[in-house]
Amino acid sequence: MIDRKTGWHYKVIELKRVTRVTRGGKRFKVRAIVIAGNKKGKVGIGIEKGIDVSQAVAKAFNSAFKKAIEVPIVEDTIPYEVRGSCGASEVIIKPAKKGRGLVAGSSARVILELAGVKDVSAKILGVTKNPLTNALATIEALKKLNRYKNANQ
């Protein structure tokens with residue numbers, strides 16, 4: 001989907017109902033995990049809770065927009081191989097030849113697609129299938145590429 005104000009693309013990767021137990025009873029909220037990117041080298045992840053789905057998604061998009069990182073893209077791919085980990089999840093991202101396409105799965109595919117990377121190969125090496133930890137591991141790997149960008153300026 002596209003946000004009308006910013007022109008950024010975003011995708012909801014998980015919606016979950018969460019409960020807080022208080023003395024007066026249970027309080028239900030919705031947790032949304034949203035990945036947002038401009039397909040020109042900026043991507044972010046937002047995790048927020050709201051009373052209903054639309055509020056949670058809107059808050060998560062704003063959070064992703066604010067936390068966006070810049071990804072250096074060289075000839076539609078990344079400059080070099082990187083690894084990132086978060087909890088039990090580990091992700092390896094490798095540059096690919098022109099025309100190879102985006103070879104990745106689950107959350108890593110969405111993040112790389114919204115960042116604007118066209119030719120790359122990614123593999124989730126961790127033992128978890130949790131989309132949140134896989135997404136956070138992918139973001140950690142892409143943050144390591146920012147050191148490359150800062151060194152070349």
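What follows describes the fold, the two sheets and one buried residue of a predicted model.

A few ground rules come first. Residues are numbered from 1 along each chain as its sequence is written, and side-chain values use heavy atoms, with hydrogens and water left out. Since the model is predicted, local features need pLDDT of at least 70 and side-chain atom pairs count only at pLDDT 80 or more, while totals for chains, interfaces and linings use all residues.

The chain has three helices and eight strands, where helices (H or I, at least four residues) and strands (E, at least two) are DSSP runs numbered from the N terminus. Going along the sequence, the pattern reads β-β-β-α-β-β-β-β-α-β-α. The radius of gyration is 16 Å, close to the 15 Å that the globule rule gives for 153 residues, so the chain is as compact as a globular protein of that length. Here the radius is taken over C-alpha atoms, and the rule is 2.2 Å times the number of residues to the power 0.38. The C-alpha trace spans about 60 × 40 × 30 Å along its principal axes.

As for packing, 42% of the 153 residues count as buried, meaning under 20% relative accessible area, with exposed set at over 50% and partly exposed in between (1.4 Å probe, protein chains only). Taking a contact as heavy atoms within 4.5 Å, residues 24 or more positions apart supply 57% of the contacts with a separation of 6 or more. The accessible surface comes to about 8,900 Å², and carbon and sulfur atoms hold 49% of that; the areas come from the Shrake-Rupley method with a 1.4 Å probe, and for residues only the protein chains shown count as cover.

Now for the sheets, in which two strands pair if DSSP finds at least two bridges between them. One is an open sheet of four strands in the order 1-2-3-4, with antiparallel pairing. Its edges are strand 1 (9–22) and strand 4 (69–70), each pairing on one side only. Strand 1 runs antiparallel to strand 2 (residues 25–37), and 13 bridges join them. A hairpin through two residues makes the link between these strands. Among the bridge partners, Thr-22 goes with Gly-25 and Val-12 goes with Val-34.

The other open sheet also has four strands, this time in the order 5-6-8-7 with mixed pairing. Strand 5 (82–86) and strand 7 (102–103) have a single partner strand each, so one side of each is left without a neighbour in the sheet. Strand 6 and strand 8 (residues 120–124) pair in the antiparallel sense over five bridges, one of which matches Pro-95 with Val-120.

Strand 6 (residues 89–95) is also where Ile-93 sits. Ile-93 is buried, with a relative accessible area of 0%. Not counting residues up to four places away in sequence, its contacts include Ile-78, Tyr-80, Val-82, Leu-112, Val-120, Ala-141 and Leu-142. Arg-83 lies 10 residues from Ile-93 in sequence, with the two C-alpha atoms 6.4 Å apart.

Leu-112, one of the residues that Ile-93 touches, is among the buried residues of helix 2, as are Val-110, Ile-111 and Leu-114. Helix 2 (residues 106–115) is mostly covered, with seven of its 10 residues buried. After helix 2 comes Gly-116, whose phi is positive, near 100 degrees.
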